[in-house]
Each structure stands twice: as C-alpha cells, then as structure tokens.
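Reader: I am new to this structure and should be grateful for a close look at one part of it. Could you choose a single helix and explain how it relates to its surroundings?

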Amino acid sequence: MLQGFGRRQFIGLMVLCGLTACGQSPEPQAIPFKPTASIHDFMVWGLEPAADVIWGNAGYIITHDGEQDLQPTTQEGWDHVRNAATTVAEAGNLLMMPGYAADPGDWVEYSAGLVMAGIRARDAAQAKDADALFQAGANLYSVCLACHNRYIIQVQQGI
Ligand code: HEC
C-alpha cells in the first residue's frame with residue numbers, strides 16, 4: 001500500500017507535521033515585540049528627527065542673501081533623506097502596533113498615512129526629485145497635524 005511512498009515523502013510529511021503541529025489547532029505565534037518608549041518619547045526621539053530631515057531638505061528658505069534651495073546637492077545628501085524617509089514610513093507601521101495604537105480606527109488610518117507619505121518621500125529622494133520631495137513633505141506635515149488635531153486636545157506649537 002505504501003509502495004511509492006519513499007523516504008523523501010516521509011521526511012516531507014514529518015516536516016509538514018512539524019510546521020502544522022499535525023492536527024492540533026495551531027496556536028498563533030506570539031511575536032515578542034514591545035514598545036520601547038511612550039508615544040511622546042517616540043515622537044520626539046524617533047519620528048520627529050526623521051521627519052525633520054525630510055523637511056530640512058525640501059523647498060526654499062529666504063535668507064539674508066536671498067532664496068536658498070534646500071534640496072540635497074550630493075548623493076550622500078539624497079541618501080540621508082532616503083534613510084530618514086524609510087524611518088518615517090516604518091514609524092507608521094510601528095504606531096499601528098498594539099501598545100502604540102490608541103484605537104483600531106482613525107489612529108490606524110493616520111498611521112497608514114505616515115507610511116504612505118514616507119514612501120513618497122523615499123521615492124522622491126531616490127529619483128532626486130526636489131519637487132516631489134517637497135510635495136511628500138507637505139503630505140507628511142498634514143498627516144502629523146491631522147493626527148495631532150484628533151488626539152491631542154491642546155494643539156501644540158511647533159509641530
Ligand atoms: C497616529 C497619530 C500621530 C501621528 C501620525 C503623529 N503623531 Fe505626533 N503625537 C501623537 C500623540 C498622541 C502625541 C501626544 C503624546 C503625549 O504627549 O502623550 C504626539 C506628540 C508629538 C510630539 C510632542 C509634542 C509635545 O510638545 O509634547 C511631537 C514633537 C510630535 N508628536 C511630532 C510628530 C511629527 C513630526 C509627526 C509627523 C511626521 C507626528 N508627530 C505624527 C500622535 C501622532
């Protein structure tokens with residue numbers, strides 16, 4: 001009866017059993033993540049410094065000597081923006097985690113907005129597209145504001 005059911009298949013079956021716990025209802029694997037900071041501290045130490053890199057490298061500022069273009073002028077400069085944008089995008093994912101997420105509704109939507117804006121900024125940095133980076137920075141800013149307006153009763157200055 002087991003003819004043709006060779007060693008290979010047997011080993012395959014064993015592996016399958018190992019993976020599925022063979023018939024027992026599989027327990028969801030607990031992934032041991034844990035937030036390492038309060039929302040406040042994560043904002044100030046993690047998200048804001050990363051977002052500042054995007055804003056600090058996009059658009060123009062008026063100085064004493066006239067208009068200054070903020071876009072990076074070197075590959076390293078663009079890479080720095082790309083890296084920060086990656087942190088911003090992943091910060092959105094982090095904020096959806098149990099322990100950070102305030103609720104499964106609006107909070108998650110704003111966090112997803114952060115992921116989206118971060119990806120846009122990263123794409124712009126990789127394309128070295130200053131206009132697109134400026135747009136992404138504006139999108140990002142409106143996501144920060146939207147979430148703060150919803151979740152921080154007192155509108156804070158400088159965010
Ligand atoms: C998903 C919601 C959400 C998003 C998106 C978000 N924040 Fe926040 N942020 C908060 C909450 C809630 C607090 C208040 C935390 C506290 O004080 O307990 C906060 C606080 C802060 C603070 C501290 C303010 C203070 O004066 O104490 C800074 C700085 C900050 N956020 C920056 C940012 C920046 C920059 C962005 C966008 C790049 C952003 N946040 C996006 C929810 C969010």
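Author: The expected span of a helix is 1.5 Å times one less than its number of residues. With that in hand, consider helix H3, which covers residues 75-95 of this predicted model. H3 has 21 residues, and the distance from its first C-alpha to its last is 30 Å, close to the 30 Å expected.

The place of H3 in the chain comes next. The chain contains 5 helices and 2 strands, and from the N terminus these elements follow the order α-α-β-β-α-α-α. The two strands are E1, residues 60-63, and E2, residues 66-69; they run antiparallel and are joined by 4 bridges. A hairpin of 2 residues leads from E1 to E2, and Thr63 stands opposite Gly66 in E2.

The inward side of H3 may be described through its buried residues. A residue is buried if 20 or more other C-beta atoms lie within 10 Å of its own. In H3 this holds for Trp78, Val81, Ala84, Ala85, Val88, Ala91, Gly92, Leu94 and Leu95. An α-helix has 3.6 residues a turn, so residues three or four places apart point the same way. The elements that cover the buried residues of H3 include H2, H4 and H5. For the chain of 159 residues, the buried share is 21%.

These elements also meet in the largest nonpolar core, which has 25 residues; the members that touch the most others are Ile54, Val88, Ala121, Leu133 and Leu140. At least two residues of this core come from each of H2 (39-56), H3 (75-95), H4 (106-127) and H5 (130-151). H3 makes the greatest contribution, with 8 residues. A view from Ala121 shows how such contacts are arranged: beyond its neighbours within four places in sequence, Ala121 is in contact with Ala85 and Val88, and also with Ile54, Leu133, Ala136, Gly137 and Leu140. Over the chain, 57% of the contacts between residues at least 6 apart in sequence join residues at least 24 apart.

H5, one of the elements covering H3, can be examined in the same manner. Its end C-alpha atoms are 32 Å apart, which agrees with the 32 Å that its 22 residues should span at 1.5 Å a residue. Leu133, Phe134, Ala136, Gly137, Leu140, Val143 and Cys147 are the buried residues of H5, and they pack against H2, H3 and H4. Between H4 and H5 lies a loop that holds Lys128. Lys128 has a positive phi of about 50 degrees, although it is not a glycine. Most residues other than glycine have a negative phi. Lys128 is partly exposed, with 15 other C-beta atoms within 10 Å.

The ligand completes the picture. It is surrounded by 21 residues, of which His40, Met43, Ala51, Cys144 and Cys147 are the closest. H2, H4 and H5 each provide at least two residues of this shell, and H2 gives the most, with 7 residues. In composition, the shell has 16 nonpolar residues, 4 polar and 1 charged. Cys147 thus appears twice in this account: as one of the buried residues of H5 and among the residues closest to the ligand.

Conventions:
Residues are numbered from 1 along each chain as its sequence is written. This is a predicted model: local features need pLDDT of at least 70, side-chain atom pairs count only at pLDDT 80 or more; totals for chains, interfaces and linings use all residues. A nonpolar core is a set of buried Ala, Val, Leu, Ile, Met, Phe, Trp, Tyr and Cys residues joined through C-beta atoms within 7 Å. A residue is buried if 20 or more other C-beta atoms lie within 10 Å of its own, exposed if 12 or fewer, and partly exposed in between; C-beta atoms are placed from the backbone. Two residues are in contact if their C-beta atoms, placed from the backbone, lie within 7 Å. A residue is near a molecule or strand if its C-beta atom, placed from the backbone, lies within 6 Å of it. Ala, Val, Leu, Ile, Met, Phe, Trp, Tyr, Cys and Pro count as nonpolar, Asp, Glu, Lys and Arg as charged, and the others, Gly among them, as polar. Two strands pair if DSSP finds at least two bridges between them.
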